[in-house]
Amino acid sequence: MFTEPGVQPGPHRSPPAALDFPESPEPPRRVPVNRMRPLAAVAIAVVAASVLSSCAVNEMEVGDTGSTLEGYVVGAGSSAQGAAQQSWIAAFQTDHPRVTVDYDPAGSGAGRDTFMEGASDFAGSDRAYTPDELEDGGFGRCAPDSTVIELPLYISPIAVVFRLDDIDTLNLDAATIAGIFAGDITDWDDPAIAATNPGVALPDLPITAVHRSDDSGTTENFTEYLHATAPEVWEWEADGVWPFSGGEAAQGNSGVVDTVGNGVGTIGYADASRAGGLGTAAVRVGEEFASFSPEAAAAIVDASPLEEGRADGDLAVSIDRTTEQAGVYPIVLVSYLIACEQYASPRNVEVVREYLTYIASEEGQQAAADGAGSAPISESMRERAMQAIESIRAE
């Protein structure tokens, strides 16, 4: 069952400039995990923490875990990962009391920019960097010749959510979904919707389509599905930025869900963990209609190849959106944890490596499944991810 998470994405903003951090800042005062701080506040806290005396740190109690790992790392990016990050951080900090992890769910675009600017130790993104972005390089905290590792450690279906009185589910094919979001299908009793929903009393009501206002990996995955499966209707290439000004815009996954939920006749797309009590669509796959589930999302990832021409630790997946294979759900979000293979500074490299190791572990994947309704990665993907994580080091 998917549950409404407690993490709310922050407002979209330009990433802060890279800061000149001290080599070994001590961890600041622990804050509750559900109060993930904006990056500007995080940066101030890191700088302030650098003035703490080493003797005070030496007096910190390690606790019953026996862990001596310590440090303070900052991440930012995907709001879809928000609930999972909350679960991961809580468990990891419990096991390692001298570690603080802060994650700002500001959106995938902001997360990628922040990582490139050197204002975060790792990023969360609902798409991998493009080959052109990787070629341009300039990742702030990475060593000059370092590659970037991208790990598909959060897998979740993207739900098509709607708000109609007395209707909880609808069957929609790709062309109909594309027509709705392109503005070609404007009423809920349109023949295209009625054709796949016999016996459903569709209202004579205008459709209000809601899309993301921010640069979003969820949008990029959704528009990739539309263009791959209904190119005659959805003419735009996949992009994290919505391609035109029609419809209604909202910030983040939570913003889309709130806008759809507070309206009537509304429809949108969001990470399925945010669907809550909204109506959801089953989509056509082959001759059947498939509802979203973690299992169906994981199945299509396992059935899809890795993108060619990438570094060994770059595990970008090329999702087969047009598959007709039974038991898969094609509107899936594969969200990445992104880090340097080689950091320019040794500060907190061990913490980043251990945190990603926990996320990729069976325990970490189950924590995300329990807390965010995501799909645990397969054992073969875990093996590849662990090999990539082991390569993380300092220059």
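Helices and strands here are DSSP runs, with helices of at least four residues and strands of at least two, numbered from the N terminus. The place of E324 follows from that: E324 sits in the loop between α10 and β11. The model is predicted. This briefing covers an annotated binding site, a disulfide, helix α10, the loop residue E324 and a helix pair.

**Annotated binding site**

- An unreviewed UniProt entry places the feature "binding site" at S78, S79, A80, S108, D126, S216, G217 and T218.
- These positions span 141 residues in sequence, yet no two of their C-alpha atoms are more than 9.7 Å apart, so they gather at one spot.
- S78 lies in the loop between β1 (70-77) and α3 (82-95).
- Buried or exposed: which is S78? S78 is buried, because its relative accessibility is 0% and the cut-off for buried is under 20%.
- Leaving out residues up to four places away in sequence, S78 touches Y103, P105, G107, S108, G124, S125, D126 and S335.
- Two of those contacts, S108 and D126, are also among the positions in the UniProt feature.
- A polar atom of the S78 side chain lies 3.1 Å from the backbone nitrogen of A80.
- S108 belongs to helix α4, residues 108-117.
- With a relative accessible area of 1%, S108 is buried.
- The contacts of S108, again leaving out residues up to four places away in sequence, are G77, S78, G124, S125, D126, D215 and G217.
- G124, S125 and D126 appear in the contacts of S78 and also in those of S108.

**Disulfide**

- The structure holds 1 disulfide.
- C142 and C340 form this link, with their sulfur atoms 1.9 Å apart.
- The link of C142 and C340 is left-handed, with -85 degrees about the S-S bond.
- C142 lies in the loop between α5 (131-136) and β4, and C340 lies in strand β11, so the pair ties together parts that are 198 residues apart in sequence.
- C142 is buried at a relative accessible area of 8%.
- C340 is buried too, at 0%.

**Helix α10**

- Which residues of helix α10 (residues 294-302) are buried? They are P294, A296, A297, A298, I300 and V301.
- The buried residues of α10 pack against β4 (148-163) and β11 (332-340).
- Strand β11 also holds C340, one end of the disulfide.

**Loop residue E324**

- E324 is in the loop between α10 and β11.
- E324 is exposed, because its relative accessible area is 63% and the cut-off for exposed is over 50%.
- Beyond its neighbours within four places in sequence, E324 is in contact with V285 and G286.
- E324 and E288 are 36 residues apart in sequence, and their C-alpha atoms are 8.9 Å apart in space.

**Helices α11 and α12**

- Two packed helices are described by the angle between their axes and the distance between the axes.
- Helix α11 (residues 349-360) packs with helix α12 (residues 362-372) at an angle of about 65 degrees, and their axes are 4 Å apart.
- That makes α11 roughly perpendicular to α12.
- From α11, the contact is made by Y358, I359 and A360.
- From α12, the contact is made by E362, E363, G364, Q365 and A367.

Methods. Residues are numbered from 1 along each chain as its sequence is written. This is a predicted model: local features need pLDDT of at least 70, side-chain atom pairs count only at pLDDT 80 or more; totals for chains, interfaces and linings use all residues. Side-chain values use heavy atoms; hydrogens and water are left out. UniProt positions are given in the numbering used here, feature names are shortened, and annotations may be inferred rather than shown by experiment. Buried means under 20% relative accessible area, exposed over 50%, partly exposed in between (1.4 Å probe, protein chains only). Contact means heavy atoms within 4.5 Å. A polar contact is a pair of N or O atoms within 3.5 Å; within protein, one must be able to donate a hydrogen and the other to accept it, and residues adjacent in sequence count only if both atoms are side-chain atoms. A disulfide is a pair of cysteine sulfur atoms within 2.5 Å. Axes are lines fitted to C-alpha atoms, for helices over the stretch in contact, and angles run from 0 to 180 degrees between N-to-C directions. Angles under 35 degrees count as roughly parallel, over 145 as roughly antiparallel, 65 to 115 as roughly perpendicular and the rest as oblique.
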